[in-house]
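Here is a short tour for anyone opening this structure for the first time. Have a look at it, turn it around a little, and then read on.

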Amino acid sequence: CVDLHGIEDFRDAARTAAIWTNANLTRESSDYLRSLPAGPVSRETFGIAHGSPRDEDDYIVDAPDADEAFAYVQNAVTFFGHTHFQGGFQVRKRKITSLAFFSTPAKLEFEPDTEYLINPGSVGQPRDRDPLAAYAIFQPRAGYLTYKRVEYDVGETQKKIRTAGLPVLLAYRLAIGQ
């Protein structure tokens, strides 16, 4: 949304939204976003990647994708997004398990000798057929994470999307979480 390199490869709705966002960010917000380090990023207790620790544009949707991504993690817990699906994967003794929760809040207690790829979900564009805003609260010292969902005014958000002249698809999909 700040430097629109590669935007020609975006789908039409995503390209339109990125251009709109770029035009509507304040200079201060644009400058702040430009100042952030390019990902993936590793911190003391966690890593962050938009797509995958291997490549920011990769999607992690299944165990083979996760297996490839785990080869690049530098922390026991790495957060990723891009798919907008709340959940993730864990690997222990080379066995990958999908993390899927069908109700929230859901607590995930970290196990020793286990690595995690965590997708907290999406606040504004969920793709997992649940229109609630999805997020996670990370408690590294306590050794757990809690997945959460919260209601928000989808109708008002849809109205703002349409008023802004953004693609109707972006408004429609909010109600169905897709």
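In which loop does His84 lie? His84 lies in the loop between β3 (77-79) and β4. Phi of His84 is near 65 degrees, which is a positive value in a residue other than glycine. With a relative accessible area of 23%, His84 is partly exposed; that label covers everything between buried (under 20% relative accessible area) and exposed (over 50%), with a 1.4 Å probe and protein chains only.

Before going further, a word on what you are looking at. This is a predicted model, in which local features need pLDDT of at least 70 and side-chain atom pairs count only at pLDDT 80 or more, while totals for chains, interfaces and linings use all residues. Residues are numbered from 1 along each chain as its sequence is written, and side-chain values use heavy atoms, with hydrogens and water left out.

**The chain as a whole**

The chain has 5 helices and 9 strands. These are DSSP runs numbered from the N terminus: H or I of at least four residues for a helix, E of at least two for a strand. Walk along the sequence and you meet them in the pattern α-α-β-β-α-β-β-β-β-β-β-β-α-α.

As for overall size, the C-alpha trace spans about 50 × 35 × 30 Å along its principal axes. The radius of gyration is 17 Å, which agrees with the value near 16 Å for a compact globule of 178 residues. That radius is taken over C-alpha atoms, and the globule rule is 2.2 Å times the number of residues to the power 0.38.

Of the 178 residues, 33% are buried. Looking at contacts (heavy atoms within 4.5 Å), residues 24 or more positions apart account for 56% of those with a separation of 6 or more. The chain exposes about 11,100 Å², and carbon and sulfur atoms supply 51% of that area. Accessible areas come from the Shrake-Rupley method with a 1.4 Å probe.

**Aromatic rings**

The whole structure holds 6 aromatic pairs. Rings of Phe, Tyr and Trp (its six-membered ring) pair if their centres lie within 6.5 Å; planes under 30 degrees apart count as stacked, over 60 as edge-to-face and the rest as tilted. One of the pairs is Phe46 with Phe138, which is edge-to-face at 5.9 Å centre to centre and 85 degrees between the planes. Phe46 sits in the loop between β1 (41-42) and β2 (47-48) and Phe138 in strand β8 (residues 133-139), so this pair ties together parts that are 92 residues apart in sequence. Phe46 counts as partly exposed, at 22% relative accessibility.

Phe110 and Tyr116 are also edge-to-face, because their ring centres are 4.9 Å apart and their planes stand at 65 degrees. Tyr116 is buried, with a relative accessible area of 1%. Phe46, Phe79, Phe110, Tyr116 and Phe138 form one aromatic cluster.

**Two buried residues**

Ser52 lies in the loop between β2 and α3 (63-70), and is buried with a relative accessible area of 3%. Leaving aside neighbours within four places in sequence, Ser52 is in contact with Pro40, Asp58, Ile60 and Ala69.

Gly88 belongs to strand β4 (residues 87-92) and counts as buried at 8% relative accessibility. Not counting residues up to four places away in sequence, Gly88 touches Phe80, Thr97, Ser98, Leu99, Leu117, Asn119 and Tyr147. The C-alpha atoms of Gly88 and Ala38 are separated by 22 Å, with their positions 50 residues apart along the chain.

**Backbone details**

Here are the cis peptide bonds that involve proline.

| Peptide bond | Omega |
|---|---|
| Gly39 to Pro40, cis | near -5 degrees |
| Thr104 to Pro105, cis | about 5 degrees |

Pro40 is found in the loop between α2 (27-35) and β1. Pro105 has its place in the loop between β5 (95-99) and β6 (106-109).

What is the phi of Arg129? Phi of Arg129 is near 65 degrees, a positive value in a residue other than glycine. Arg129 is found in the loop between β7 (115-119) and β8, and counts as exposed at 60% relative accessibility.
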